Amino acid sequence: MSENRQLDELCINTIRTLSIDAVQKANSGHPGMPLGAAPMAYVLWQRNLRHNPSDHDWPDRDRFVLSGGHASMLIYSLLHLTGYDLTMQDIKSFRQWESHTPGHPEMRLTPGLETTTGPLGQGSATAVGMAIAERALAYRFNRPGHKIVDHYTYSIVSDGDMMEGISAEASSLAGHLKLGKLIFLYDSNDVSLDGPTSLAFSTEDVGKRYEAYGWQVIHVSDGDTDLDAIDDAISEAKANTSRPSLIIVRTTIGYGSPHKHGTAAAHGSPLGEEEVALTKKALGWDPEKFFHVPDEASANFRSAAERGQQAQQEWQKGFDAYAREYPELGEEWRQAFAGELPPGWDTDLPSWEAGEEIATRKASGAVINAIAARVPTLIGGDADLSSSTNTTIKDGASFDGSTGHGRNIHFGVREHAMAAIANGIACHKGARPFVATFFVFSDYMRPSIRIAALSKLPTIYVWTHDSVALGEDGPTHQPVEQLMSLRVMPEISMVRPCDANEAAEAWRFTMKHNHGPVGIVLSRQNLPVLDRSRFAPASGLSRGAYVLSDPEGEPPTAIIIATGSEVHLALGAQELLAEKGVPVRVVSMPCWEAFNSQSEEYRESVLPSSVRARVAVEAGATLGWHRWVGDNGAVIGLDRFGASAPGKTNMEKFGFTPENVARHVEELLSAKKE
Ligand SMILES: Cc1ncc(C[n+]2csc(CCOP(=O)(O)OP(=O)(O)O)c2C)c(N)n1
Ligand SMILES: [Mg+2]
């Protein structure tokens, strides 16, 4: 065996033994895939990946996503060994309380980790988003002689990833977009959790499927030992920049484990102390040594740092020259990667006069276009509903994956991939993504929304057709439980504006909110523009809830809290009650989460604890509203599916009328007197 070959093997076995030791110490985790995928990971990281362990944020680094997040020890080993800020103590704390090495990879917890993975399929789709961001930014920023954006996106995907529908959606789109700098390495070991993949995945030829998507498909028949074949395959993949590449690497799960290799027994439980020792022996390792990193292996891995620093320095030199030649673009780049908004970004936000009637989805469309003109890195798209969601950037052209030109991404009818791709764009940094569809189909996006929330990604969702008021399309298309169910999710903010001017404020709030996802929930139907000379300004939206209207001359005896289109019913009820001498306050509460983060004083000023008669109105699930109206309050909502009928009929039949709201207030007040 050549010296190099010996060193390679030593390094690969270092990854393997470090991973199984950590899993064993935690007494929990997945040893099988790190054992089997270590060779491809090593060849990718040591010979191909352009990255800099001493600056994990280098903007033009290659991106790497471990889509099978259960193999987390594989990436932790790589990060530690190549010199990222992840210590041996971190490795030894695998899966422990507050460690940097959680069970499945969570971005922000581990330096050098690009994205959160664990729910299978998410990582592969997120990687597609990163590759899209690379293309879009290359188009925006690169200039003749200056290629400041030019990197690959790699993902190691597993059988489970390939079985999940989301990867099919995302890969189909990647093929269509010809994302030539996207490369998947498929750890094809024919084993998943329950046993051999033949249990459920026996007839599908993944390679042929990807060929049909328009990918280049390359096979490596021995991924356990043939490092040169893996390397050649990666070179071939890199060389083809007109199509994405899938490298199908045949591997053995649990490689080296005498009793568990090739079986699901290696997948998701520690090997056991004895089997760890036997595996080490089989790999030519000293079974008495734990968490052992031989000096030669360490030195070899650490060469990544030097290579990375050099690569980044060269890039930086190029960038400095670019910034001298194109100072404005250089500054725009800096802002975009820092997540800052350009000065004056919101100067042209439209506003609407009272007397007009306009759907909030339509107002939102005008706002998007005003922002897009000032924020060139805002890109977005929709799942084949742009004429309904009003999310097209008018002079933005359709996104072309070959050139990166165009700001409107046509996702096709692929909501789930759309949401994960948006996460990938957000993880990449440099561009701000928004994605759109009907609100009811947020259910098709939910697993990726959860990743955005968990990872605090500034992903923007534009969801239109927000209630039974959408009408004739019927209950399949009418959201009822979606708004409340998303409010239940931590870290996401849900904003449901009540008129066009609140819609503009919703976008202002959202663009500034860069520490978590925001869902903007918009009406299909026209809504009157509120007369802001009579009512409080729409800028109150930024505080989540605000007093929209108070009774004249006397303190309120009751409060009506409403969101979106139901705010207008609340105002109608307020008028009806005023005629009867009942003074009522109306609170517009477009965003619970923002209101929750206000000071107690502010919240008390909007919802004084002395006023117990409170009615909430929202055309959706009532569960949760008692938090704001209290035990004595009433909630007018919808705890059943909607109906196929004109929107106005639906609203009336379901009790969304000023009269019904007023009646509830009166009932509360008379109950109080009794
Ligand atoms: C969406 C989702 N469903 C189920 C799981 C639970 N799970 C984790 S790994 C796994 C099997 C994965 O098999 P494979 O991807 O081939 O990984 P390998 O066994 O080869 O390591 C399953 C079902 C998950 N993580 N995500
Ligand atoms: Mg497998």
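**Group meeting: a walk through a predicted three-domain model**

Let me begin with one residue, Leu 74, which touches Ile 15, Ser 19, Met 33, Pro 34, Ala 37, Ala 38, Ala 41 and Leu 66, leaving aside residues up to four places away in sequence; touching, or being in contact, here says that the C-beta atoms of two residues, placed from the backbone, lie within 7 Å. What you have in front of you is a predicted model, in which local features need pLDDT of at least 70 and side-chain atom pairs count only at pLDDT 80 or more, whereas totals for chains, interfaces and linings use all residues. Residues are numbered from 1 along each chain as its sequence is written, and chains are lettered from A and ligands numbered from 1 in the order in which they are written.

Leu 74 also belongs to a wider group, since the largest nonpolar core has 199 residues, and Leu 74 is listed with Ala 41, Val 128, Ile 247 and Ile 560 as having the most contacts inside that core. By nonpolar core I mean a set of buried Ala, Val, Leu, Ile, Met, Phe, Trp, Tyr and Cys residues joined through C-beta atoms within 7 Å. A residue is buried if 20 or more other C-beta atoms lie within 10 Å of its own, exposed if 12 or fewer, and partly exposed in between, with the C-beta atoms placed from the backbone. As general background, nonpolar side chains in soluble globular proteins tend to be buried together.

Now to the overall layout. The domain assignment gives domain 1 (3-309), domain 2 (357-528) and domain 3 (543-673), with bounds that come from an automatic or database domain assignment. Taken over C-alpha atoms, the centres of domain 1 and domain 3 are separated by 52 Å.

Next, a sheet of five strands, which is open, has parallel pairing and follows the order E1-E2-E3-E5-E4. Its edge strands are E1 (63-66) and E4 (216-220), each of which pairs on one side only, and the twist averages 15 degrees from one strand to the next. Helices (H or I, at least four residues) and strands (E, at least two) are DSSP runs numbered from the N terminus, and two strands pair if DSSP finds at least two bridges between them. E1 and strand E2 (residues 153-158) pair in the parallel sense over four bridges, and Val 65 stands opposite Ser 155 in E2. Helix H5 (residues 122-141) packs on this sheet, touching E1, E2 and strand E3 (182-188), and its direction makes about 170 degrees with that of E2; axes are lines fitted to C-alpha atoms, for helices over the stretch in contact, and angles run from 0 to 180 degrees between N-to-C directions.

Moving along the chain, we come to strand E12 (residues 518-522), where five of the five residues are buried, so E12 is largely enclosed by the rest of the structure. Val 518, Ile 520 and Leu 522 point one way from E12, while Gly 519 and Val 521 point the other way. E12 is joined to E10 by five bridges, the two strands running parallel, and the bridge partner of Trp 463 in E12 is Val 521. The loop between strand E10 (460-464) and helix H17 (482-487) holds His 465, whose phi is near 65 degrees, a positive value in a residue other than glycine.

Which strands make up the other open sheet, the one with mixed pairing? It has five, in the order E14-E16-E15-E17-E18. Strand E14 (546-549) and strand E18 (634-636) stand at the edges with a single partner strand each, so one side of each is left without a neighbour in the sheet. Within this sheet, both faces of E15 are covered, with Ala 558, Ile 560 and Ala 562 on one side and Ile 559 and Ile 561 on the other, all of them buried. E15 runs parallel to E16, joined by five bridges, and the chain crosses from E15 through H19 to E16 in a right-handed β-α-β crossover, right-handed in the sense that, with the strands pointing away from the viewer, the path from the first strand over the helix to the second runs clockwise. Helix H19 (residues 566-579) lies across E14, strand E15 (558-562), strand E16 (584-588) and E17, at about 160 degrees to E15, and helix H24 (residues 658-673) lies across E15, E16, E17 and E18, at about 155 degrees to E17.
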